[in-house]
Amino acid sequence: MLRCGGTIDNRPGHSKPPAPIRSCRLAAGLECGHEIEEDIHVSGKTVLIAQEGGVTRLTLNRPDKLNAFTLGMHAELRAGLEAAATDPQCRVVVLTGAGRAFSAGQDLAEIGGPTDAATDDAGSRLEKAYNPLIKLIATLEKPVICSVNGIAAGAGANVALACDLVYAARSASFLQAFARIGLVPDAGGTWALPRLVGAARARGLAMLAESLPAAQAEAWGLIWKCVDDDKLAAEVAAVAGKLATAPTYALALAKRALAASSTNTLAQQLDLERDLQKLAGASPDAREGIAAFLEKRAPKYTGSKT
Ligand code: LHQ
C-alpha cells in the first residue's frame, strides 16, 4: 500500500488535513499516513501516475523546482499519456502539479549550461520534447483535463492550454514568461493564444510577459474555469468522474472536429461533421444514448468505438 500526501500543498498556510480518499493529491516523499485505495504506479521520480474508476491522473512532481520540465519528466509524462491513450480502462486523463505550482516550464538549469547550445539548442529541445508532447495531448482520443494548482509559466502554461478542459485554482496564474528571458512563446502558445483570447490579448500576453490571474484567464476565455483553491480537487474529481462514464468515442470525434475547424472552410467542416457523425452514429454508445432517451432512463456508456 502506498501512502499519499493527502492534500499536501507547499504554499504557506495552504496545507490541509487529509482529504477523503478519492481526492488525494500525491507528492513523492511526503507522507501523511493517509492510505489511498487507488492503483498507483510511481513511474519514476518526476511524474506520478494514479488510476481509479476510469480516471488516470498524472502529477508533475518536482515541487521544489516548481515542476520545471526536464527531459526525464518529458519521457515519463509521454509514457504516462501513451499508456492512458491505449488503456481501455482509462476514459479521461487529469494532469496536475505537486506543490505550489503547476509548472514553471522548461528547467532553465538543464538547458543553461555552456555546452548545451551546441549539443541541444532550444529548437531541437522543442522538436524532441515539447512538440511531441503537445501533439500527443491534442490528438489523444480521450478528454484531457488540466488542473492548474498554481502558477503555470512558460511552456508550463502552454502545456496546460493544450489540454481540453483547463480548471485553475483562484490563486494560480498564467505567465508567458518567454520574453523575460529573451525567448519566443513555444509549446503551442503562439497557436493557442490568439485562438483562445484573440490577437490583441495574445500579443499583450506574449510581449509584456505579465502574469494573468486565473479569474482573468477565465474571463478572457483562456481557460474553462477558475475555482476556489479549496474546491479545485473536488471539482476536477467530479468532472473527471462524469467524463469517465461519458461516450468517450463521441468525445474523441468532437475533439477531432474542433481541432480541424481552425484550418477548415465551413464547407470542409460540414463534410467532416457528416463523416464523423457517421462513425459516432454507428457506435454502441450512440445506440445506447438514443435508446436510453426513448426509454426515459440514464444511459450506460462503454466508451468504445465498436
Ligand atoms: C526553476 C524554474 C525553471 C529551473 C523556478 N527552471 N528552476 C523550451 C525548450 C527550450 C528552450 C527554452 O524554452 C522552452 C520553454 C520554456 O518553458 S522557457 C520558459 C521557462 N520558464 C520561465 O522562464 C519561468 C522561470 N521561473 C520564474 O520566473 C519564477 O520561478 C516563477 C515566476 C515561475 C515563480 O516565482 P517564485 O514564486 O518567486 O519562485 P522561485 O523563482 O523562487 O522558484 C522556486 C524554485 O524553483 C527556485 O529554486 P531554488 O533552488 O532557488 O529554490 C527556482 O530556481 C526554481 N525554478 N522556475 N523554469
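Student: Okay, contact means heavy atoms within 4.5 Å. Going by that, which residues does Glu-288 touch, not counting residues up to four places away in sequence?

Tutor: Before we start, keep in mind that this is a predicted model. With those neighbours in sequence left out, Glu-288 touches Arg-297, Ala-298, Pro-299, Lys-300 and Tyr-301.

Student: And which side chain does Glu-288 make a polar contact with?

Tutor: That's Arg-297: the two side chains are joined by a polar contact of 2.8 Å.

Student: Where does Glu-288 lie, and is it buried or exposed?

Tutor: Glu-288 lies in helix H12, which covers residues 284–294. Its relative accessible area is 16%, and buried means under 20%, so Glu-288 counts as buried.

Student: What about Lys-296, where does that lie?

Tutor: Lys-296 lies in the segment after H12. Its relative accessible area is 78%, so Lys-296 is exposed.

Student: What's its phi like?

Tutor: Lys-296 has a positive phi of about 55°, though it isn't a glycine. Most residues other than glycine have a negative phi. Ala-209 is another non-glycine with a positive phi, about 50° in its case.

Student: Where is Ala-209, and is it buried or exposed?

Tutor: You'll find Ala-209 in the loop that runs between helix H7 (199–208) and strand E12 (212–213). With a relative accessible area of 3%, Ala-209 is buried.

Student: New topic, the ligand. Which residues come nearest to it?

Tutor: There are 25 residues around the ligand, and Lys-65, Arg-100, Ala-104, Gln-106 and Ala-155 come nearest.

Student: Which backbone atoms are its nitrogens close to, and at what distance?

Tutor: One polar backbone atom belongs to Gln-106, 2.8 Å from a nitrogen atom of the ligand. Another belongs to Leu-108, with a ligand nitrogen 2.9 Å away. There's also a polar side-chain atom of Asp-186, which lies 3.4 Å from an oxygen atom of the ligand.

Student: How much of the ligand does the protein cover?

Tutor: On its own the ligand has 1,000 Å² of accessible area, and the protein covers 68% of that.

Student: Which elements give two or more residues to the shell around it?

Tutor: Helix H2 (108–111), helix H4 (122–139) and strand E9 (151–153) do. H4 gives the most, with 4 residues.

Student: And what's the shell like by class?

Tutor: By class, the shell has 16 nonpolar, 3 polar and 6 charged residues.

Student: Switching again: how many disulfides are there?

Tutor: A search of the whole structure turns up 0.

Student: Take Cys-146, then. Why is there no bond to Cys-163?

Tutor: Cys-163 has the closest cysteine sulfur to that of Cys-146, but the gap is 4.4 Å, so it's too far for a bond. The cut-off for a disulfide is within 2.5 Å.

Student: Are Cys-146 and Cys-226 buried or exposed?

Tutor: Cys-146 counts as buried, at 0% relative accessibility. Cys-226 counts as buried too, at 8%.

Student: Last bit, the big picture. How many helices and strands are in the chain?

Tutor: The chain has 12 helices and 13 strands. It's made of 306 residues, and 47% of them count as buried.

Student: How much area does the chain expose?

Tutor: About 15,000 Å², with carbon and sulfur atoms supplying 59% of it.

Student: And what share of the contacts with a separation of 6 or more comes from residues 24 or more positions apart?

Tutor: Those residues account for 63% of such contacts in the chain.

Notes
Residues are numbered from 1 along each chain as its sequence is written. This is a predicted model: local features need pLDDT of at least 70, side-chain atom pairs count only at pLDDT 80 or more; totals for chains, interfaces and linings use all residues. Side-chain values use heavy atoms; hydrogens and water are left out. Buried means under 20% relative accessible area, exposed over 50%, partly exposed in between (1.4 Å probe, protein chains only). A residue is near a molecule or strand if one of its heavy atoms lies within 4 Å of it. A polar contact is a pair of N or O atoms within 3.5 Å; within protein, one must be able to donate a hydrogen and the other to accept it, and residues adjacent in sequence count only if both atoms are side-chain atoms. Accessible areas come from the Shrake-Rupley method with a 1.4 Å probe; for residues, only the protein chains shown count as cover. Ala, Val, Leu, Ile, Met, Phe, Trp, Tyr, Cys and Pro count as nonpolar, Asp, Glu, Lys and Arg as charged, and the others, Gly among them, as polar.
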